[in-house]
Amino acid sequence: AVVSTQSTGNSDAEVYIWRNFENPLRCSVASTFKASSEVNRRIGILMHYVEFSSTLLIFSQVKRIVSWNLMRETRCPDIQTHTEHPVTSFSSSTRDDLLVTGFQDGTCRLFDLRTPSHNQVVQKFGGHGRSSGCPVVK
C-alpha cells in the first residue's frame with residue numbers, strides 16, 4: 001500500500017514529516033527533526049521535495065543545503081553552497097536532477113543533484129559589480 005507523506009517546517013527550522021495526511025483520522029507525525037541550529041527566526045527555512053530520490057532539501061541562511069531522505073528517515077550528506085549568503089529562491093528541473101538557487105548576494109548557482117554532495121555546484125552566475133545577479137533568459 002502507498003502511504004502519502006507531507007512535510008511542514010517552521011521558523012525554528014523544525015521539520016515535521018506527516019503520514020496519511022489526506023485522512024484526518026489516520027494522520028500522524030512520522031518523523032521530526034531540526035534542520036539547522038543556525039537559523040534566523042525572521043527568515044526561517046525553505047523546503048523542496050526531490051521526487052526521484054525521495055529527498056527533502058532544506059534551505060536556510062547557512063553555508064549548506066540540508067538533505068533528508070524521507071523513505072529512510074535519515075539525514076544525507078549536506079550540499080555545500082560555497083557562499084556565506086542565504087538562499088532566497090530556488091527552482092528545479094522537471095526531473096528534479098538540476099537545482100538552481102538564488103542567493104542574497106545576487107549570485108545564482110546551478111547544482112547537479114545526481115553527483116556527490118561535495119561536487120554538486122556546476123555553475124555560478126552573477127555577483128560581479130553592477131551587473132550582479134542571474135542572467136535573464138528570454
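Biologist: Which residue in β11 is the bridge partner of Cys108?

Modeller: This is a predicted model, in which local features need pLDDT of at least 70 and side-chain atom pairs count only at pLDDT 80 or more, while totals for chains, interfaces and linings use all residues. Residues are numbered from 1 along each chain as its sequence is written, and side-chain values use heavy atoms, without hydrogens or water. Strands here are DSSP runs of E with at least two residues, and helices are runs of H or I with at least four, numbered from the N terminus. β10 and β11 run antiparallel and are joined by four bridges, and the partner of Cys108 in β11 is Phe125.

Biologist: Which strands stand at the edges of the open sheet that contains β9 and β10?

Modeller: Two strands count as paired if DSSP finds at least two bridges between them. The sheet has four strands with antiparallel pairing, in the order β8-β9-β10-β11. Each edge strand has a single partner, so one side of it is left without a neighbour in the sheet; these strands are β8 and β11.

Biologist: What is the average twist from one strand to the next in this sheet?

Modeller: The angle is taken between N-to-C directions and runs from 0 to 180 degrees, with axes fitted as lines to C-alpha atoms, for helices over the stretch in contact. From one strand to the next, the twist averages 20°.

Biologist: Which residues are linked in a network of salt bridges?

Modeller: A salt bridge requires a side-chain nitrogen of Lys or Arg within 4 Å of a carboxyl oxygen of Asp or Glu, and the whole structure holds five. Asp97 pairs with Arg95 at 3.4 Å and with Arg114 at 3.3 Å. Arg114 also meets Asp112, at 2.9 Å. The network therefore links Arg95, Asp97, Asp112 and Arg114.

Biologist: How many residues apart in sequence are the parts tied together by Arg114 and Asp97?

Modeller: Arg114 is exposed at 52% relative accessible area, whereas Asp97 is buried at 6% (buried is under 20%, exposed over 50%, partly exposed in between, with a 1.4 Å probe and protein chains only). Arg114 lies in the loop between β10 and β11, and Asp97 in the loop between β8 and β9, so the pair ties together parts whose separation in residues is 17.

Biologist: Which elements give two or more residues to the largest nonpolar core?

Modeller: A nonpolar core is a set of buried Ala, Val, Leu, Ile, Met, Phe, Trp, Tyr and Cys residues joined through side-chain atoms within 4.5 Å. The largest has 11 residues, among them Val15, Phe33, Leu56 and Trp68. Val15 has contacts (heavy atoms within 4.5 Å) that include Phe33, Ile45 and Leu56. The elements giving two or more residues are β2, β5 and β6.

Biologist: Is Ser67 buried or exposed?

Modeller: Ser67 is placed in strand β6. Leaving out residues up to four places away in sequence, Ser67 touches seven partners by name: Thr55, Leu56, Leu57, Arg75, Cys76, Pro77 and Asp78. The relative accessible area of Ser67 is 6%, so this residue counts as buried.
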